[in-house]
Amino acid sequence: MNARLLLVEDERAQRELVAALLRGAGYAVTDVSSAEEAIRRLEREDFELVLSDWRLPVMDGEQLYREVRQRFPRLGFVLITAYGTIARAVAAVRAGADDYLAKPFERDELLLSVERTLRARRLLDENRRLEAALVEARGERERLVDLVGRSAAIQRVFRHVTRVADSSATVLVTGESGTGKELVARAVHTLSLRAARPFVAVNCAAIPEGLAESELFGSERGAYSGADRRRPGRFEAAEGGTLFLDEVGELPAAVQPKLLRVLQEKCIVPVGGDTERAVDVRIVAATNRDLLADVARGRFREDLYYRLCVIPVHMPALRERREDVPLLLEHFLAAACKRLGRPRPRFTSALTRRILDHAWPGNVRELSNLVERLVLLATDAPLDLDDLPKDFGPEGTRGHSGAFRLDPGGIDWEAHERDALEQALELTRGNRAQAAKLLGMNYKALLYRIEKHGVRPWPAGLGASSNGPNEGPAGSPETGTIFP
Ligand SMILES: Nc1ncnc2c1ncn2[C@@H]1O[C@H](COP(=O)(O)OP(=O)(O)OP(=O)(O)O)[C@@H](O)[C@H]1O
Ligand SMILES: [Mg+2]
């Protein structure tokens with residue numbers, strides 16, 4: 001596999017030359033002209049190595065190096081320096097950069113440095129992998145992350161989380177209520193080398209203001225009347241592991257500067273004490289508030305915001321990744337039936353359609369709660385629209401209601417039609433009768449279009465495709481549970 005390299009160089013001619021040399025040697029090279037752009041690419045794509053010029057506009061190579069080390073500790077980093085900055089480059093290598101190249105350099109020097117760095121990084125990775133495998137084999141690793149989702153949006157989150165889990169950098173998870181912020185916080189912990197150490201969750205909204213400080217940092221004996229012994233706080237409880245600060249936007253104003261200090265100094269001072277205690281804790285915070293807006297309003301300290309938001313992770317709302325609804329529905333159905341010892345309920349197609357169309361203001365939690373309710377309500381008859389909670393929200397948010405907007409630039413109709421077909425088959429797990437209903441066309445019209453586009457049947461093994469209107473994993477099309 002060709003290693004993916006990110007080249008950061010503001011001088012165009014230089015950049016093109018170096019990129020061409022590296023490409024000539026078989027590397028996949030992405031080249032950018034600023035450190036800021038480099039960070040944006042690193043957040044979105046996987047690279048093995050960064051080659052960065054020292055002198056860059058705005059943020060320089062050294063600052064980029066520090067940022068990369070903190071946020072993407074597995075990346076190799078080679079600094080390219082010019083006359084006058086070599087001493088500092090040597091210092092950067094001492095501080096952990098893999099190598100530096102002094103301009104002007106020869107092709108062979110460049111390739112040797114890249115190759116050496118990649119080899120060293122891969123060795124390090126292999127060690128980490130073995131270490132992690134060992135932890136797992138010892139059974140210390142908890143049940144691995146239980147995150148369901150196939151949409152591009154959620155897959156991006158998973159990849160990002162996997163990549164950043166290893167570092168100890170602070171993570172801020174944002175997103176609407178019920179989108180899975182806590183699940184992701186746990187995933188960050190479980191996928192890190194801290195997995196065998198505690199994961200401690202604190203709901204900042206639930207601690208009374210007066211108690212927040214002792215809850216977090218502990219208290220010494222005699223700190224207040226009735227304090228007959230020393231009480232360790234949540235930070236100490238999480239020693240070596242991860243502290244999850246849920247609803248961090250609700251943290252009382254008086255406690256914010258204290259938390260900021262802990263993040264800066266990595267030391268706590270228990271209430272009523274005067275000596276600092278070093279703590280090794282990774283912080284993952286979550287909020288459904290717009291913290292930047294709170295910063296602007298003076299509700300949340302700006303410096304604390306930036307300390308927390310070293311690695312931002314945003315959980316997309318469920319309506320932004322509807323293609324995950326069938327998968328999550330299936331996941332929660334299986335779980336609820338197993339937990340409650342109930343048979344799998346059947347849905348009328350009207351109910352199925354209604355569920356697929358719903359806007360999910362309460363996100364994944366709303367879906368999970370709905371499934372629980374439906375499983376409990378189920379009798380021999382298929383579940384129908386009346387079984388939905390009264391407050392389930394208005395009828396469909398897409399479909400014929402004009403939700404589809406024709407792009408003024410026009411669309412490729414054939415591709416659009418094919419896409420709709422494929423999505424309908426995916427949602428119905430290959431049940432063509434159901435797919436035809438979803439698309440509001442008759443069965444024959446659907447078959448004709450499947451043939452016309454050469455759409456392949458639903459992948460074998462995942463619930464077979466069908467031969468006629470009365471088949472499919474779901475039973476009859478009238479009452480078919482499309483999620484068998
Ligand atoms: N991708 C997912 N796969 C499986 N289950 C999920 C997923 N996302 C969320 N859930 C489940 O949905 C419920 C809500 O998730 P979670 O508690 O993590 O949300 P949250 O963002 O912290 O919500 P809130 O802001 O209301 O606290 C949980 O039961 C969780 O297990
Ligand atoms: Mg939560």
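This passage describes strand 8 and its pairing partners, followed by the surroundings of Leu-110, in a predicted model.

Strand 8 spans residues 242-246 and is mostly covered, with 5 of its 5 residues buried. Its side chains alternate in direction: Thr-242, Phe-244 and Asp-246 point one way, whereas Leu-243 and Leu-245 point the other way. Burial applies to both sets, Asp-246 and Thr-242 being buried along with Phe-244, Leu-243 and Leu-245.

Two pairings of strand 8 were examined. With strand 7, formed by residues 199-203, strand 8 pairs in the parallel sense over 5 bridges. In this pairing, Leu-245 of strand 8 has Val-202 opposite. Strand 8 also pairs with strand 11, which covers residues 282-287; the sense is again parallel, over 4 bridges. Here Thr-242 stands opposite Arg-282 of strand 11. Thr-242 is thus described both by its position opposite Arg-282 and by its burial, on the side of strand 8 to which Phe-244 and Asp-246 also point.

The second site is Leu-110, located in helix 5, a helix that runs over residues 107-137. Leu-110 has a relative accessible area of 0% and is therefore classed as buried, the cut-off for that class being under 20%. Beyond its neighbours within four places in sequence, Leu-110 is in contact with Val-18, Leu-21, Leu-22 and Leu-51, and also with Leu-101 and Phe-105. A further relation in space is that to Val-78: the C-alpha atoms of Leu-110 and Val-78 are 9.8 Å apart, and the two residues are separated by 32 residues in sequence.

Technical notes. Residues are numbered from 1 along each chain as its sequence is written. Chains are lettered from A and ligands numbered from 1 in the order in which they are written. This is a predicted model: local features need pLDDT of at least 70, side-chain atom pairs count only at pLDDT 80 or more; totals for chains, interfaces and linings use all residues. Side-chain values use heavy atoms; hydrogens and water are left out. Buried means under 20% relative accessible area, exposed over 50%, partly exposed in between (1.4 Å probe, protein chains only). Two strands pair if DSSP finds at least two bridges between them. Contact means heavy atoms within 4.5 Å.
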